Amino acid sequence: MSAIISILSFVFGTIIGSFLNVVILRYHTGLSVWGGGLAPYPSGARGAGSFCFSCGHKLSACDLVPVFSFLFLGGRCRYCKSKISWQYPIVEILTGLVFLSVVLKFSNLLLFPYIIYSVFYILAFCFLIFISVYDFHHKIIPERPVWIFVILALLGSLFLQVYGANEAISYQLRALLAGPLMAAPFFILWAVSRGRWMGLGDAKLALGLGFLLGSSGAITALFLSFILGALVSVFLLIFRGRRFTMKSEIPFGPFLVVASFLVFIFNLNLPNLWLVA
Ligand SMILES: [Zn+2]
């Protein structure tokens with residue numbers, strides 16, 4: 001039974017991931033998510049449905065099967081043979097894994113809380129996937145999605161007693177503090193450097209992540225994200241050499257999101273760092 005649910009949630013996740021790819025690609029381009037748009041894309045691409053961004057050919061259902069279409073077509077458009085970005089299968093697989101791990105995390109809850117928690121956290125992480133992939137590409141955290149995420153996480157911290165927490169009210173108070181707590185370092189970095197080291201977007205993202213994770217989770221995620229960021233920077237410094245300097249902008253959003261996801265799924269908790277706990 002649980003094996004079937006696991007497989008179904010992964011497959012459903014890859015389908016949602018495929019939809020997220022479309023949304024990420026079309027966000028701020030003037031193209032609507034559901035159909036054509038006004039942006040100057042290849043002629044013949046104006047109709048409803050998905051199309052190849054190189055040749056404008058309409059894609060059929062069998063071109064749109066998550067992961068498999070990419071593998072089967074060898075990462076190229078069926079019609080014009082132009083290369084398709086690795087972003088597609090990667091986002092699809094990651095979204096599938098997010099669905100699977102959230103569903104597994106709550107699998108020992110009763111049916112009603114199981115559904116509520118799974119839907120809430122899956123929705124929150126879909127926004128986070130969108131925000132971090134967009135940040136990865138454009139080096140900016142998209143304004144509207146990040147505020148929607150902040151509000152969603154705030155509502156979650158107010159109305160969902162987080163799984164495993166016994167004292168709901170004190171937990172909620174700390175979760176409310178956790179948002180500003182996690183945002184503070186980014187806000188300070190932004191203010192001190194006048195936006196040169198860190199954008200204000202990272203502070204907004206951290207605000208929502210703090211609400212989502214609670215106080216000890218927020219501190220753990222903050223710590224982990226800086227470690228991940230430092231490791232990747234050192235790796236790039238060594239292997240990319242001259243092409244990479246510390247001045248090259250590395251978007252920090254993806255590190256924050258990956259760290260938060262690991263903290264959430266594995267209940268990571270830096271002990272003794274949070275005095276109130
Ligand atoms: Zn094409």
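Tutor: Of the 277 residues in the protein chain, 32% count as buried, a residue being buried if 20 or more other C-beta atoms, placed from the backbone, lie within 10 Å of its own, exposed if 12 or fewer do, and partly exposed in between. This is a predicted model, in which local features need pLDDT of at least 70 and side-chain atom pairs count only at pLDDT 80 or more, while totals for chains, interfaces and linings use all residues. Residues are numbered from 1 along each chain as its sequence is written.

Student: What makes up the pattern of the protein chain, read along the sequence?

Tutor: The pattern is α-α-α-α-α-α-α-α-α, and the chain has nine helices and zero strands, where helices (H or I, at least four residues) and strands (E, at least two) are DSSP runs numbered from the N terminus.

Student: Why is Leu-155 called buried or exposed?

Tutor: Leu-155, which lies in helix H5 (residues 143-159), has 12 other C-beta atoms within 10 Å, and because the exposed class takes 12 or fewer, Leu-155 is exposed. Leu-155 and Leu-212 are 57 residues apart in sequence, with their C-alpha atoms 9.2 Å apart in space.

Student: How do you know whether the span of helix H3 (residues 87-105) agrees with what its 19 residues should give?

Tutor: The expected span is 1.5 Å times one less than the number of residues; for H3 this gives 27 Å, and its end C-alpha atoms are 26 Å apart, so the two agree. Among the buried residues of H3 are Pro-89, Leu-94, Phe-99 and Val-103, and the buried residues of this helix pack against H1 (2-26), H2 (68-72), H4 (111-138) and H9 (253-266).

Student: What makes H7 and H9 parallel or antiparallel?

Tutor: Helix H7 (residues 200-213) and H9 pack at about 5°, with axes 10 Å apart, the axes being lines fitted to C-alpha atoms over the stretch in contact and the angles running from 0 to 180 degrees between N-to-C directions. Angles under 35 degrees count as roughly parallel, over 145 as roughly antiparallel, 65 to 115 as roughly perpendicular and the rest as oblique, and H7 and H9 are therefore roughly parallel to each other. Their contact (C-beta atoms, placed from the backbone, within 7 Å) includes Leu-205 and Leu-209 of H7 and Leu-256 and Val-263 of H9.

Student: How do you know what span to expect for helix H8 (residues 215-240)?

Tutor: H8 has 26 residues, and its reach of 37 Å from first C-alpha to last is close to the 38 Å expected at 1.5 Å a residue. The buried residues of H8 include Ser-215, Ile-219, Leu-222 and Ser-225.

Key. Two residues are in contact if their C-beta atoms, placed from the backbone, lie within 7 Å.
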